[in-house]
Amino acid sequence: MLKRFLILFAFFFVTGLGVYWWLTIPATVAASTLPAHTADVANGKLVFNAGGCASCHATPKQDDKLALGGGLALTSPFGTFYAPNISPDPNAGIGRWSEADFVTALQKGTSPKGEHYFPAFPYTSYQRMTSADARDMFAYIKTLTPVAAPSRAHDVGFPFDLRRNVGVWKFLFLDGKPFAPDSGQSPQWNRGAYLVNALGHCAECHSPRNPIGGIEDKQRFAGGPNPEGQGWVPNITQKGLKDWSEKDIAYFLQTGQTPEGDTAGGTMAAVIRNTSQLSEADRAAMAVYLKSLPAVDGPPKPMRKG
Amino acid sequence: MKYALLVAGVLALGIGAVSAQQDIVKDRQAQMKATGRALGGTLSAMAKGDKPYDQAAVDAAFVTLTETATKLPALFPESTKGLKEGTEYATSPKAWEDKAGFAAHIADFSKAVSETKAKVKDLDSLKANVGAIGKQCGSCHETYRLKS
């Protein structure tokens, strides 16, 4: 009887392990699937700015936002993540990466070593980026100055430190779908949707997350507690921005100024540094898209103590 | 009796001092709101085309902004550190930890206001130059302002 039970247990254990293993295999993009492409460095720069790469990857406490040595600390309920070096340095950065490595990192969240990246790197948004945009951006980053500072290891507790477990998270929250234009909407709206969702990754901060760090889809863009701790991230659906015109949103993305005369502070100030470098047309497209988001209630904001 | 009076007096002084500090907090919030109205409600609104260009209103806005630039250095005394602030924002402890950096930001703001004021003559020059002020607001708020 006991023997039979043990055999059964071993069977389920091994099967379970097999499923876990299979489920958590890091996905990659094969170089052979990438069509011929001539990189457009100017577009790469645009994608880089719209994607806000420098806000996390630029070396903190110095003025050159294009020195991508990494090191900025991102605190989260799961531990502290340190943005890695993505400068073109061959040892510390991404100088030895292939194009396919770079596309894989953005679209699949998998490193050239075949490990899962933690979703502090917003590949749930970047997976919607076109391969052409990713490749142009790769060519642009290659033109920047290499930084030799090695990346700092993340400070994350068990069981989140086991990268293989990120595979389970990806199974739940990474759908692998590229950006799909809505043919019922204008080209401008679609451009805005692409900039906001695939590149700008606005929803990564402006949405509430569930206890294991996945975005609550129904409340996407509805704001919530700051994932980095203090304060509250505003609702940017029409619930929060109903008094803002498209012009107000575009002006805010350009200058950081709200219609009330308030100014973006905290991490949004860094976002404005990126969006201020986009074209008027792209900011207007983002505004058109954001203005079209139906009003959704976010999680209730707690009353302030004291 | 004398002692009781003395104690009461000291207490009253103490309370008075605290409420004076609290008044400074109120003052700076009022000044910040006024600054927002001058910049967002007047200058930026005209630059955006939401309001017609009006020289008198522009002049008034610059009076407010200049007043802010003059007052700011005195609006964040160390004695207000840790006091209760508004429901939206609070001053980051960094304003007192890095006094030199904070003062440099105020100086930059002051410079941006006076330079912009000198340049703005009409709608086009307003559009071209008003961004310099908001940029200084943002760069200081990035580090020295917290959300409550």
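Visitor: How many residues does the contact take from chain B, and how many from chain A?
Guide: In this predicted model, the contact takes 20 residues from chain B and 22 residues from chain A.

Visitor: Which elements of chain B give two or more residues to the side that touches chain A?
Guide: Those elements are α1 (2–48), α6 (131–144) and β2 (145–147) of chain B.

Visitor: And what is that side of chain B like by class?
Guide: By class, the side of chain B that touches chain A has 11 polar and 6 charged residues, together with 3 nonpolar residues.

Visitor: Staying with chain B, what does its secondary structure come to?
Guide: Chain B has 6 helices and 2 strands, and from the N terminus on its elements run α-α-β-α-α-α-α-β. Of the 148 residues in chain B, 30% are buried. Among contacts in chain B between residues at least 6 apart in sequence, 75% join residues at least 24 apart.

Visitor: Let's move to chain A; how is it divided into domains?
Guide: Chain A is divided into domain 1 (33–173) and domain 2 (187–291), and the centres of these domains, taken over C-alpha atoms, are separated by 21 Å. The contact between them takes 19 residues from domain 1 of chain A and 19 residues from domain 2 of chain A.

Visitor: Which elements supply at least two residues of the domain 1 side?
Guide: On the side of domain 1 of chain A that touches domain 2 of chain A, α2, β1, α5 (123–126) and α7 (163–173) of chain A each supply at least two residues. The largest share of that side, 4 residues, comes from α2(A). By class, this side of domain 1 of chain A has 11 nonpolar, 7 polar and 1 charged residues.

Visitor: Since α2(A) came up, which of its residues are buried?
Guide: In helix α2 (residues 41–51) of chain A, the buried residues are A:Gly44, A:Leu46, A:Val47, A:Phe48, A:Asn49, A:Ala50 and A:Gly51.

Visitor: What do those buried residues pack against?
Guide: The buried residues of α2(A) pack against four helices of chain A, namely α3 (53–57), α6 (131–142), α8 (187–199) and α11 (266–275). Just after α2(A), A:Gly52 takes a positive phi of about 65°.

Visitor: You mentioned α8(A) there; how does it sit against α12(A)?
Guide: The axes of α8(A) and helix α12 (residues 280–291) of chain A come within 7 Å and cross at roughly 90°, which means that α8(A) is roughly perpendicular to α12(A).

Visitor: Which residues meet there?
Guide: From α8(A), the residues A:Gln188, A:Trp189, A:Arg191, A:Gly192, A:Ala193, A:Leu195 and A:Val196 meet A:Asp282, A:Ala285, A:Met286, A:Val288, A:Tyr289 and A:Leu290 in α12(A). By class, the contact of α8(A) with α12(A) has 9 nonpolar, 2 polar and 2 charged residues.

Visitor: Changing topic to strands, how do β1(A) and β2(A) run, parallel or antiparallel?
Guide: Strand β1 (residues 73–76) of chain A and strand β2 (residues 79–82) of chain A run antiparallel and are joined by 4 bridges, with a hairpin of 2 residues joining β1(A) to β2(A). Within this pairing, the bridge partner of A:Leu74 is A:Phe81 in β2(A).

Visitor: And what about β2(A) with β3(A)?
Guide: β2(A) also pairs with strand β3 (residues 155–156) of chain A, in the antiparallel sense and over 2 bridges; here A:Gly79 stands opposite A:Val156 in β3(A).

Visitor: Last topic, backbone oddities: which residues does a cis peptide bond join?
Guide: A cis peptide bond joins A:Phe158 and A:Pro159, with omega at about 0°, and A:Pro159 is found in the loop between β3 and α7 of chain A. Most residues other than glycine have a negative phi, and most peptide bonds are trans.

Visitor: Where is A:Lys61, then, and what is its phi?
Guide: A:Lys61 lies in the loop between α3 and β1 of chain A, and its phi is near 60°, a positive value in a residue other than glycine. A:Lys61 counts as exposed because it has 6 C-beta neighbours inside 10 Å.

Visitor: Is A:Phe221 buried or exposed?
Guide: A:Phe221 is buried, with 24 other C-beta atoms within 10 Å. The place of A:Phe221 is in the loop between α8 and β4 (224–225) of chain A, and its phi is near 75°, again a positive value in a residue other than glycine.

Notes
Residues numbered from 1 in each chain as written. Chains lettered and ligands numbered in written order. Predicted model: local features only at pLDDT ≥ 70, side-chain atom pairs only at ≥ 80, totals over all residues. Contact = placed C-beta atoms within 7 Å. Nonpolar A, V, L, I, M, F, W, Y, C, P; charged D, E, K, R; others polar. Buried ≥ 20, exposed ≤ 12 C-beta atoms within 10 Å, placed from the backbone. Pairing = 2+ DSSP bridges. Axes fitted to C-alpha atoms, helices over the stretch in contact; angles between N-to-C directions. Parallel < 35°, antiparallel > 145°, perpendicular 65-115°, else oblique. Domains from an automatic or database assignment.
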